[in-house]
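User: I am new to this structure and would like a close look at a single part of it, with the surroundings described as far as they help.

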Amino acid sequence: NIRAAAEKILKSLGYTVLTAIDGQGALEVYQTAERVDLVITDLVMPEIGGKELLRELRKTTPDLKALAITGYVSPETLQELKDGGFMNVVSKPFTVDAFTNAIHRALHED
């Protein structure tokens, strides 16, 4: 449900959206995509979790921008995720404004 809602929000804002049902599917989608500006991934997914997904994607695209979505994150875990390459974490449940603001910041941050 979150994936479908996020896709609808992003498309309504004019973004092109590629989706996958799990981490393995995300790897496959990424490999066939012409261009990906930002990866938004849940940390807990079947097959491959969000942290492992980002590690794999960064093997071919070291500067890939990514946001994590999770139900709870402690300050320590937040720092660990940022050290692991995530630009920020969006906590579930999130508002449309919080979600779109995090995306805007990630896309426009160097």
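Which residue in strand 3 does Leu67 stand opposite?

Analyst: Leu67 stands opposite Asn88 in strand 3, and since this is a predicted model, that placement, like everything that follows, is computed from predicted coordinates. It helps to begin with the strands themselves. Strand 2, made of residues 66–70, pairs with strand 3 in the parallel sense, and 4 bridges join the two. In general, the strands of a sheet pair through backbone hydrogen bonds, and the pairing may be parallel or antiparallel. Here the pairing belongs to an open sheet of 3 strands, which are arranged in the order 1-2-3 and run parallel. Strand 1 and strand 3, the latter covering residues 88–91, are the edge strands, each of them pairing on one side only. If direction is ignored, neighbouring strands of this sheet are turned against each other by 25° on average.

Following the chain onward from strand 3 leads to a loop that ends at helix 5, and Pro93 has its place in this loop. The peptide bond that runs from Lys92 to Pro93 is cis, with an omega near -10°.

Helix 5 itself, residues 96–108, packs with helix 1, residues 2–12: their axes come within 11 Å and cross at roughly 65°. The crossing of these two helices is right-handed. From helix 1, the residues Ala6, Ile9 and Leu10 take part in the contact, and they meet Val96, Phe99, Thr100 and Ile103 of helix 5. Sorted by class, the residues of this contact are 6 nonpolar and 1 polar, with no charged residue among them.

The other edge strand, strand 1, is followed by a loop that leads to helix 3, and Pro46 is placed in this loop. The C-alpha atom of Pro46 lies 8.4 Å from that of Ile21, although the two residues are 25 apart along the chain. Leaving aside residues up to four places away in sequence, Pro46 touches Asp22 and Gly23. Glu47 is found in the loop between strand 1 and helix 3 as well, and Glu47 has a positive phi of about 75° although it is not a glycine.

Several of these elements also take part in the largest pocket, which holds about 990 Å³ of space. Its lining counts 35 residues, and those that lie nearest the centre of the pocket are Val17, Leu18, Thr19, Leu38 and Ile40. At least two lining residues are supplied by each of helix 1, helix 2 (23–32), strand 1 (39–42), helix 3 (50–60) and helix 5, and helix 1 gives the largest share, with 5 residues. By class, the lining is made up of 24 nonpolar, 4 polar and 7 charged residues.

To return to the starting point, Leu67 and Asn88 stand opposite each other, where strand 2 and strand 3 pair in the parallel sense.

Technical notes:
Residues numbered from 1 in each chain as written. Predicted model: local features only at pLDDT ≥ 70, side-chain atom pairs only at ≥ 80, totals over all residues. Heavy atoms only, no water. Axes fitted to C-alpha atoms, helices over the stretch in contact; angles between N-to-C directions. Left-handed = near helix turned anticlockwise from the far one by under 90°. Contact = heavy atoms within 4.5 Å. Nonpolar A, V, L, I, M, F, W, Y, C, P; charged D, E, K, R; others polar. 1 Å grid on protein atoms, 1.4 Å probe; cavity = no way out; pocket = protein on both sides within 12 Å on 5 of 7 lines; lining within 4 Å. Points joined across faces, edges and corners; volume = space filled by probe spheres on them. Pairing = 2+ DSSP bridges.
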